[in-house]
Amino acid sequence: MTIESPCIDACQLSEDKTVCTGCHRSLSEIANWSYLTDAEKIRVLAAVQERQVTSECKPTPEQIP
């Protein structure tokens with residue numbers, strides 16, 4: 001099984017510089033994505049969904065299609 005990266009090519013750091021407001025991953029999650037197992041990627045994707053729901057890093061107006 002191949003799990004695709006959630007990257008949407010709209011990279012911008014959150015105000016606290018810990019999460020990308022495009023894909024909602026942390027810098028370490030982005031840097032390590034290609035080394036993660038499928039199970040680890042699924043956990044990252046779950047964390048991404050939670051970050052989106054809690055709006056810790058809402059997209060900026062220029063990132064909204």
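How far is the sulfur of Cys20 from the closest cysteine sulfur, and in which residue is that sulfur found? The gap is 4.0 Å, and the partner is Cys23. The legends below walk through this and a few other spots in what is a predicted model.

**View 1. The whole chain, to get your bearings.** Start with the overall picture: the protein chain has 2 helices and 0 strands. Helix 1 covers residues 27–32, and helix 2 covers residues 38–53. There are 65 residues in the protein chain, and 31% of them count as buried. About 4600 Å² of the chain is exposed, with carbon and sulfur atoms supplying 55% of that area. Now take the contacts between residues with a separation of 6 or more: 46% of them join residues 24 or more positions apart.

**View 2. Cys20 and Cys23, a pair without a bond.** Back to the opening question. A disulfide is a covalent bond between the sulfur atoms of two cysteines. A pair counts as a disulfide when its sulfur atoms are within 2.5 Å. At 4.0 Å, the sulfurs of Cys20 and Cys23 are too far apart for a bond. Cys20 sits in the segment before helix 1 and counts as buried, at 4% relative accessibility. Look across to Ile30 as well: Cys20 and Ile30 are 10 residues apart in sequence, with 8.7 Å between their C-alpha atoms.

**View 3. Cys7 and Cys11, another unbonded pair.** For Cys11, the closest cysteine sulfur belongs to Cys7, and at 4.6 Å it is too far for a bond. Searching the whole structure turns up 0 disulfides. Cys11 is exposed, with a relative accessible area of 62%, whereas Cys7 is partly exposed, at 34%. You'll find Cys7 in the segment before helix 1. Setting aside neighbours within four places in sequence, Cys7 is in contact with Cys23 and Arg25. His24 is worth finding here too: Cys7 and His24 are 17 residues apart along the chain, and their C-alpha atoms are separated by 8.6 Å.

**View 4. Asp9 and His24, two residues with positive phi.** Neither residue is a glycine, yet Asp9 has a positive phi of about 55° and His24 has one of about 65°. Asp9 lies in the segment before helix 1, and so does His24. Are they buried or exposed? Asp9 is exposed, with a relative accessible area of 72%, while His24 is buried, at 6%.

**View 5. A nonpolar patch on the surface.** Three residues, Leu13, Leu27 and Ile30, make up this patch, and together they have about 230 Å² of accessible area. Leu27 belongs to helix 1, while Leu13 comes from the segment before helix 1. Leu27 counts as partly exposed, at 44% relative accessibility, and Leu13 is partly exposed too, at 39%. Beyond residues up to four places away in sequence, Leu13 touches Val19, Cys20, Thr21 and Leu27. His24 shows up in this view as well: it is 11 residues from Leu13 in sequence and 9.1 Å away in space, C-alpha to C-alpha.

**View 6. The largest nonpolar core, with Trp33.** In soluble globular proteins, nonpolar side chains tend to be buried together. Here the largest nonpolar core has 5 residues: Ile3, Trp33, Leu36, Val44 and Val48. What does Trp33 touch, not counting residues up to four places away in sequence? Its contacts are Ile3, Glu4, Ser5, Pro6, Arg25, Lys41, Val44 and Leu45. Two of the names in that list, Ile3 and Val44, also belong to the core.

**View 7. A salt bridge between the helices.** The structure holds 1 salt bridge. It pairs Arg51 with Glu29, and the closest N and O atoms are 2.8 Å apart. This pair links distant parts of the chain: Arg51 is in helix 2 and Glu29 is in helix 1, 22 residues apart. Are the two partners buried or exposed? Both Arg51 and Glu29 are buried.

Note on methods
Residues numbered from 1 in each chain as written. Predicted model: local features only at pLDDT ≥ 70, side-chain atom pairs only at ≥ 80, totals over all residues. Heavy atoms only, no water. Helix = DSSP H or I, 4+ residues; strand = E, 2+ residues; numbered from the N terminus. Buried < 20%, exposed > 50% of the residue type's maximum accessible area, 1.4 Å probe, protein only. Contact = heavy atoms within 4.5 Å. Areas by Shrake-Rupley, 256 points an atom, 1.4 Å probe, with all protein chains shown as cover. Patch = residues over 30% accessible without salt bridge, like charges linked within 9 Å, V, L, I, M, F, W, Y side chains within 5 Å. Salt bridge = Lys/Arg side-chain N within 4 Å of Asp/Glu carboxyl O. Core = buried A, V, L, I, M, F, W, Y, C linked by side-chain atoms within 4.5 Å.
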